[in-house]
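Trainee: I would like to go through the ring contacts and the cores of this model. Please show me the structure.

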Amino acid sequence: MKFCAASDSHGDFDVLCLMLEKERPDGLIFLGDGVREALRAGQVFGLPVLAVAGNCDLACQEPLARQPSPAGFPLFLAHGHRFGVKQGFGEIERAAEQAGAKAAFFGHTHRPLLREQGPVALYNPGSIGRERTYLAVEIDGGKLTCRLERVE
């Protein structure tokens, strides 16, 4: 399965569409601060969207965290603001580990991160709306791989 993981679009619907046109994924992982645009882009492209709400997603129905297992691979998704990710990653790492996840995806900092050592891999796509970065994610045979990409 192939996903695009993005966060922090902050109203930029067009950049989400450019990312999805470029990658043609099986689904979208959206990590908050632009959930409405992400859900709309998922509808336009006919894709399932695994989304969590961010601190700027007011009156949003999406949860603050979720634990999906696409292709049987356990993930922890959160925007990150409730886990203090601007001060460090210990809290989100502990929450993901307690949830039984092998990898945690979060946003909020606007800074990309691919940290694959430790008990739980940590991934942050940066900001699709500002820096135009995202993660191309593949889950195959019980293995997850991520690469940082940019919308040009």
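What follows is a short exchange on aromatic pairs and nonpolar cores.

Mentor: This is a predicted model, where local features need pLDDT of at least 70, side-chain atom pairs count only at pLDDT 80 or more, and totals for chains, interfaces and linings use all residues. Residues are numbered from 1 along each chain as its sequence is written, and side-chain values use heavy atoms, with hydrogens and water left out.

Trainee: How many aromatic pairs are there?

Mentor: Rings of Phe, Tyr and Trp (its six-membered ring) pair if their centres lie within 6.5 Å; planes under 30 degrees apart count as stacked, over 60 as edge-to-face and the rest as tilted. By this rule, the count is three.

Trainee: Phenylalanine 89 and phenylalanine 106 form what kind of pair?

Mentor: Their centres are 5.5 Å apart. The planes meet at 45°, so by the cut-offs the pair is tilted.

Trainee: Is phenylalanine 106 buried or exposed?

Mentor: Buried means under 20% relative accessible area, exposed over 50%, partly exposed in between (1.4 Å probe, protein chains only). Phenylalanine 89, at 27%, counts as partly exposed. At 0%, phenylalanine 106 counts as buried.

Trainee: What kind of pair do phenylalanine 105 and tyrosine 123 form?

Mentor: The ring centres lie 5.0 Å apart. With the planes at 25°, the pair is stacked.

Trainee: Which element supplies the largest share of the largest nonpolar core?

Mentor: A nonpolar core is a set of buried Ala, Val, Leu, Ile, Met, Phe, Trp, Tyr and Cys residues joined through side-chain atoms within 4.5 Å. The largest has 19 residues. Its largest share, six residues, comes from α1.

Note on methods. Helices (H or I, at least four residues) and strands (E, at least two) are DSSP runs, numbered from the N terminus.
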